[in-house]
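Work through the exercises below with the structure in view. Each task is followed by a solution in steps.

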Amino acid sequence: MVDAVVIGAGAAGLTLAHRLVETAGAEVLLVTAPPGPLRPAERTWCWWEAPGGPYDDALVTSFHRLRVHGRAGDVADRAPRRLRYKMLRSGALETLVRDRLAGRAAFREVIATVTDMRDAPGGGAEVRGTDPEGRPVLLRARWAFDSRPPRRLPPARTTLFQHFRGWFVRTPHAAFEPGVADLMDFRVPQPPRGVAFCYMLPLGTHEALVEYTEFSPEPLPREAYERALRHYTRHHLALPDPTIAATEAGVIPMTDGVFPRRVGTALFRVGIAGGAARPATGYAFAAAQRQSRAVAAALRAGLPPVPPHPHSTRSRAMDAVLLAALDTGRVCGADLLARLFHEVPTERLLRFLDGDTRWWEDIAVGLRTPARPMLRTALTLPLRPRRPTPAPATLDEHPDHGHPRKASVNDGD
């Protein structure tokens, strides 16, 4: 019996397996879905961190300057001294972790479709599934950690979704400034409930990721994202016909529901299914790393490795109010976020968005929000019933990687 089975090779699963082997000295089985619909498509993760982090060797790039564009065209241009906005692709992280763990007797990867995870009768955990040929697989461990996306969302007073689609674009001329990210550009039509923005992350002078994002009650038809991206690249980036080298898309729940992190005596959930996504921002990578560090430390100390909630009760309470204010339309999310970047010290705000601030910093950020609508929302929040919401479907299981095309100028605005 090994120490741990980790189900899923996304950011939470890969980094948890890595930390358990490297820092806790644990024997780990990493269960990866076979190629097909259950294996996530290539995706991008971004977070704030000081230079010299554990995954810097795999970064696509990092950014030392951030810009936020308000609806009226005002710009907050910030250069945090101690933090960098880091961009990581899932394929590079997989390669880095597998290279570091290659040849380690304590690590083994199993390709299987997991069908059941349960407490074993005599203690520990059992994970059952099938291999790519359909043969049964049975894995036993002291502990099991499930990092797969949640099948259902917890009952919540407010549930929005962060849904997005992005283009990896190439241009024949130098059009981008490396190291400078347009983090949020609110010069796009705003939904009646929630907030919408585009962002642009340069990968070089001729390449960038341009993405359209909404926080709203439900995803859009694919063509709506395409239309928004065509309009933005043409009218705001002055790119009438960029080559689209690849695309990505996704949906992240933003909810004040409480995700269960312990689902059995020896069974746990981590990552987004374990509450890693910050309810009001959707950022999850840094929080998943906090979870994995805590789990590895507990296992090393001989304690039950219960994943902690990566966001404090205080932060979740603040997020519940903000989500409800966005959902009711009492607060204009675009104006609020632009105002925060103008008025809050940059490093404090960036740590706040990742859920890594102290209580007094949270209060300082909260004081920059619209007092009357936020107070009204806080007072009425207990009256909102908790309702279940179906888990989000993936927008695009098979992105267009490896098939460059032109964005047609005849596709409309």
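**Exercise 1: a salt bridge between two strands**

E49 has a relative accessible area of 22%, so E49 is partly exposed. The model is a predicted one.

Task: Find which residue forms a salt bridge with E49, and state whether that partner is buried or exposed.

Solution.
Step 1. The partner of E49 is K86, and their closest N and O atoms are 2.8 Å apart.
Step 2. E49 belongs to strand 3 (residues 44–49) and K86 to strand 7 (residues 84–89); with their positions 37 residues apart, the pair links distant parts of the chain.
Step 3. The cut-off for buried is under 20% relative accessible area. K86 has 1% relative accessibility, so K86 counts as buried.

**Exercise 2: two further salt bridges**

Task: Locate the elements that hold R165 and E226, and decide whether each residue is buried or exposed.

Solution.
Step 1. A salt bridge joins the side chains of R165 and E226, at 2.6 Å from N to O.
Step 2. R165 is in strand 12 (residues 159–170), while E226 is in helix 3 (residues 222–235), 61 residues apart.
Step 3. R165 is buried because its relative accessibility is 2%. E226 is buried because its relative accessibility is 7%.

Task: State where R278 and D319 lie.

Solution.
Step 1. The side chains of R278 and D319 form a salt bridge of 2.6 Å, N to O.
Step 2. R278 is in the loop between strand 17 (267–269) and helix 4 (285–300), and D319 is in helix 5, so their pairing ties together parts 41 residues apart in sequence.
Step 3. Both R278 and D319 are buried.
Step 4. Elsewhere, E42, R89 and E248 are joined into one network by salt bridges that share partners. The whole structure has 32 salt bridges.

**Exercise 3: the second largest pocket**

Task: Describe which residues and helices line the second largest pocket.

Solution.
Step 1. The second largest pocket holds about 380 Å³ of space.
Step 2. Its lining has 25 residues, with M318, L322, G366, T369 and M374 nearest the centre.
Step 3. Two or more lining residues come from each of helix 5 (313–328), helix 6 (333–343), helix 7 (346–354), helix 8 and helix 9 (371–380). Helix 5 gives the largest share, five residues.
Step 4. By type, the lining has 19 nonpolar, four polar and two charged residues.

**Exercise 4: a surface patch**

Task: State which residues join W359 in a nonpolar patch.

Solution.
Step 1. W359 is in helix 8 (residues 359–366).
Step 2. W359 counts as exposed because its relative accessibility is 53%.
Step 3. W360, I363 and L367 complete the patch on the surface, and the accessible area of the four together is about 470 Å².

Technical notes: Residues numbered from 1 in each chain as written. Predicted model: local features only at pLDDT ≥ 70, side-chain atom pairs only at ≥ 80, totals over all residues. Heavy atoms only, no water. Patch = residues over 30% accessible without salt bridge, like charges linked within 9 Å, V, L, I, M, F, W, Y side chains within 5 Å. Areas by Shrake-Rupley, 256 points an atom, 1.4 Å probe, with all protein chains shown as cover. Helix = DSSP H or I, 4+ residues; strand = E, 2+ residues; numbered from the N terminus. Buried < 20%, exposed > 50% of the residue type's maximum accessible area, 1.4 Å probe, protein only. 1 Å grid on protein atoms, 1.4 Å probe; cavity = no way out; pocket = protein on both sides within 12 Å on 5 of 7 lines; lining within 4 Å. Points joined across faces, edges and corners; volume = space filled by probe spheres on them. Nonpolar A, V, L, I, M, F, W, Y, C, P; charged D, E, K, R; others polar.
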